[in-house]
Amino acid sequence: MRTCTMGGGSWAVVVGVVAALVVGGESVSFILSADKDLCLQEDVQKDVLVVGNYEVAPGGGTEFPVTIEITDSNKHRVYMKELATEGKFAFTSDDTDVFSICFLSQNKGQHAGATRDATLVIKTGVEAKSYDNIAKAEKLKPMEMELRRLEDLSESIVSNFARMKQREEEHRDTNESTNERVLHMSALSMMFLVGLAVWQVLYLKSYFKSKKLI
């Protein structure tokens, strides 16, 4: 997960921690400032369920309003809540993308120095599914529900390894292509230098003959 703040319309990266897991959950706590917006970015694979809980605690003094907004890399909004204090959100990614979860401070400049504590819990993939509800809907026994969860977990792990293998193959192809281009460029450079050296020898020989030095 990557964290960044915005102040006066400009972005400044504060800390970057990459989280590109298909399966898993993470919880972060942070302090919101009345003068800055704060955004967290989550890398999500295609067709992955994302579920989150958030809580914005009351400020110790003057309380400023906060809006939570979630957008994809194309700025398409998938969730928004004004005057956010606590709540939940859920969405499924249509494609592999980076989603921004932003806590936007309203009325900037009116509550200078004020802060509010916030907590965000994000679950993706298998961890985001409610197997209790699935068991009730499909009338599964506890053992069957656990087997279903393990099956989904195994599929996610296999999918994750397949994606890692694909990325490795892409990187290898890129390296091989780069090495091939470097080899061709080196060969052309060598041919050019040899040609230049031969031309210099012939030119100097012709020059010396014209001056009757040889």
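T115 lies in strand β10 of this predicted model. With a relative accessibility of 39%, T115 counts as partly exposed. Although T115 and S33 are 82 residues apart along the chain, their C-alpha atoms are separated by 4.6 Å.

The secondary structure of the chain comes to two helices and 10 strands. In sequence order the elements follow the pattern β-β-β-β-β-β-β-β-β-β-α-α. The chain has 214 residues, and buried residues make up 30% of them.

Aromatic contacts were examined next. The count of aromatic pairs comes to eight. One of these pairs is formed by F30 and F103, whose ring centres are 5.2 Å apart and whose planes stand at 65° to each other, an edge-to-face arrangement. This pair links distant parts of the chain, since F30 belongs to strand β3 (residues 24–33) and F103 to strand β9 (residues 97–105), 73 residues apart. F30 has a relative accessibility of 13% and counts as buried because this value is under 20%. F103 is also buried, with a relative accessible area of 1%.

A second pair, W199 with Y203, is stacked, with 5.4 Å from centre to centre and 15° between the planes. The two residues are four residues apart in helix α2 (residues 142–210), so about one helical turn separates W199 from Y203. W199 is exposed, its relative accessible area being 51%. Y203 has a relative accessible area of 47% and is therefore partly exposed, as this value falls between the 20% and 50% limits.

Y54, Y79, F89, F91 and F99 together form one aromatic cluster. A further contact of an aromatic ring involves a charged group: the charged end of R116 sits over the ring of F64, at 5.9 Å from the ring centre.

Contacts between charged side chains were also counted. The total comes to five salt bridges. In one of them the side chains of D37 and K108 meet, with an N to O distance of 2.8 Å. This salt bridge links distant parts of the chain: D37 is found in strand β4 (residues 37–44), K108 is found in the loop between β9 and β10 (115–124), and the two are 71 residues apart. At 10% relative accessibility D37 counts as buried, whereas K108, at 39%, counts as partly exposed.

Another salt bridge joins E138 to R148, and the closest N and O atoms of this pair are 2.6 Å apart. E138 is part of helix α1 (residues 131–138) and R148 is part of helix α2, so the salt bridge ties together parts of the chain that are 10 residues apart in sequence. Both partners count as partly exposed, E138 with a relative accessibility of 41% and R148 with 25%.

R149 forms a salt bridge with E146, the closest N and O atoms lying 2.9 Å apart. This pair is contained in helix α2, where R149 and E146 are three residues apart and thus separated by about one helical turn. R149 is partly exposed at a relative accessible area of 26%, and E146, at 31% relative accessibility, counts as partly exposed as well.

Pockets were considered last. The second largest pocket has a volume of about 170 Å³. Its lining consists of D72, N74, V78, F91, T92, S93, D94, D95, D97 and F99. Strands β8 (86–92) and β9 each supply at least two residues of this lining. By residue type, the lining of the second largest pocket divides into three nonpolar, three polar and four charged residues. The lining includes F91 and F99, which are also members of the aromatic cluster with Y54, Y79 and F89. Strand β9, which supplies at least two residues of the lining, also holds F103, the partner of F30 in the edge-to-face pair.

Technical notes: Residues numbered from 1 in each chain as written. Predicted model: local features only at pLDDT ≥ 70, side-chain atom pairs only at ≥ 80, totals over all residues. Heavy atoms only, no water. Phe/Tyr/Trp six-rings, centres within 6.5 Å; stacked < 30°, edge-to-face > 60°. Buried < 20%, exposed > 50% of the residue type's maximum accessible area, 1.4 Å probe, protein only. Lys NZ or Arg CZ within 6 Å of the ring centre and 35° of its normal. Salt bridge = Lys/Arg side-chain N within 4 Å of Asp/Glu carboxyl O. 1 Å grid on protein atoms, 1.4 Å probe; cavity = no way out; pocket = protein on both sides within 12 Å on 5 of 7 lines; lining within 4 Å. Points joined across faces, edges and corners; volume = space filled by probe spheres on them. Nonpolar A, V, L, I, M, F, W, Y, C, P; charged D, E, K, R; others polar.
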